Every structure is written in structure tokens, then in C-alpha cells.
Amino acid sequence: MLNEILIPRTLDAVIIALCADYARRAAAIEDGRIPFNVIMEYRFLNYRILNAAMEAAGERDAMSFVNEIGKRRGYVDSETYLSESVYKNRKKEVKENIAKKLSFI
């Protein structure tokens with residue numbers, strides 16, 4: 001209930017979509033065939049998302065959480081070695097921190 005107050009369903013869907021698109025934006029940045037202003041926007045989004053995940057989950061697990069949020073995977077299919085309660089709390093913290101870093105909340 002508290003999580004739904006902080007992150008409404010629509011905002012949660014936006015965060016999931018941004019995390020799901022992380023790899024495509026990273027590939028487009030590497031490719032460099034898109035306009036410079038688009039590259040800068042992609043870098044901004046990817047930097048903020050990864051930085052937020054690193055702050056909440058640590059460097060080792062940050063990318064795993066970004067991928068799992070984007071692919072809507074849960075604890076059972078997780079790549080991390082955390083207990084279920086720690087995993088769920090950390091994933092919630094990552095989502096909230098992404099929303100804060102992107103100035104959504």
C-alpha cells in the first residue's frame with residue numbers, strides 16, 4: 001500500500017519501460033548513428049537509471065536490478081544472491097530511487 005502511494009501504477013509502468021529500454025539506448029549510443037541531441041538524452045537517461053540503481057543496490061547488483069525491473073522478473077528468476085525479503089525491499093528502493101533521480105517524485 002505504501003509503495004503504491006509513493007509510486008502510482010502509471011509511474012511504475014514508466015520506470016519498467018525505461019529499464020526495459022536501457023540496453024537499446026546503450027547500443028544506440030555505442031553505434032553513434034543517431035543525432036547528437038538524441039545521444040545526449042539517451043546518456044542522461046541511462047546515467048540516471050544506473051546511478052540510481054547503484055545508490056540503492058550497490059555496484060555489483062545495479063545492472064541486475066535494472067534488467068530485472070525491465071523484464072519484470074521477480075525473486076525466483078533473480079540473478080542476485082539475496083534473500084527474498086532483502087531482494088524485494090532492495091528492488092522497491094531501486095524503483096523509488098530511479099523515480100527520484102528522473103525527477104518523477
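This report walks through helix α5 and its surroundings in a predicted model.

## Helix α5 and its length

Let's start with the helix itself. Helix α5 covers residues 59-70, which makes twelve residues. At 1.5 Å a residue, you'd expect a span of 16 Å, and the end C-alpha atoms turn out to be 18 Å apart, which agrees.

Now look at which parts of α5 are tucked away. The buried residues are Asp61, Ala62, Ser64, Phe65, Val66, Glu68, Ile69 and Gly70. These residues have plenty of company: they pack against α2 (9-20), α3 (22-31), α4 (36-57) and α6 (84-101).

## Where α5 meets α6

Two packed helices are described by the angle between their axes and the distance between the axes. For α5 and α6, the axes come within 10 Å and cross at roughly 85°. That angle falls in the 65 to 115 degree range, so α5 and α6 count as roughly perpendicular to each other.

Who's doing the touching? On the α5 side, Phe65, Glu68 and Ile69 make the contact, while α6 brings in Tyr87, Arg90, Lys91, Val94 and Lys95. Sort the contact residues of α5 and α6 by class and you get four nonpolar, four charged and no polar ones.

## A stack of rings

There are two aromatic pairs by count. In one of them, Phe65 and Tyr87, the ring centres are 5.4 Å apart and the planes sit at 25°, so this pair is stacked; the cut-off for stacking is under 30 degrees. The pair ties together distant parts of the chain, since Phe65 belongs to helix α5 and Tyr87 to helix α6, 22 residues apart.

Are these two rings buried or exposed? Phe65 has 0% relative accessibility, so Phe65 counts as buried. Tyr87 is buried too, with a relative accessible area of 1%. Add Tyr75, and Phe65, Tyr75 and Tyr87 form one aromatic cluster.

## Two residues in helix α4

Ala57 is found in helix α4. With a relative accessible area of 10%, Ala57 is buried, because the cut-off for buried is under 20%. Leaving aside its neighbours within four places in sequence, Ala57 is in contact with Ala62, Phe65, Arg90 and Val94. Ala57 and Glu93 are 36 residues apart in sequence, yet their C-alpha atoms are 8.0 Å apart in space.

Val38 also lies in helix α4. Its relative accessible area is 25%, so Val38 is partly exposed. Its C-alpha atom is separated by 9.7 Å from that of Arg25, and the two residues are 13 apart along the chain.

## Two odd backbone angles

Most residues other than glycine have a negative phi. Which residue right after α5 has a positive phi? The one following the helix is Arg72, with a phi near 55°, even though Arg72 is not a glycine. You'll find Arg72 in the loop between α5 and α6. At 65% relative accessibility, Arg72 counts as exposed, because the cut-off for exposed is over 50%.

Ser103 is another case: its phi is positive, about 60°, although Ser103 is not a glycine. Look for Ser103 in the segment after α6. With a relative accessible area of 60%, Ser103 is exposed.

Note on methods. Residues numbered from 1 in each chain as written. Predicted model: local features only at pLDDT ≥ 70, side-chain atom pairs only at ≥ 80, totals over all residues. Heavy atoms only, no water. Helix = DSSP H or I, 4+ residues; strand = E, 2+ residues; numbered from the N terminus. Expected span 1.5 Å × (residues − 1). Buried < 20%, exposed > 50% of the residue type's maximum accessible area, 1.4 Å probe, protein only. Contact = heavy atoms within 4.5 Å. Axes fitted to C-alpha atoms, helices over the stretch in contact; angles between N-to-C directions. Parallel < 35°, antiparallel > 145°, perpendicular 65-115°, else oblique. Nonpolar A, V, L, I, M, F, W, Y, C, P; charged D, E, K, R; others polar. Phe/Tyr/Trp six-rings, centres within 6.5 Å; stacked < 30°, edge-to-face > 60°.
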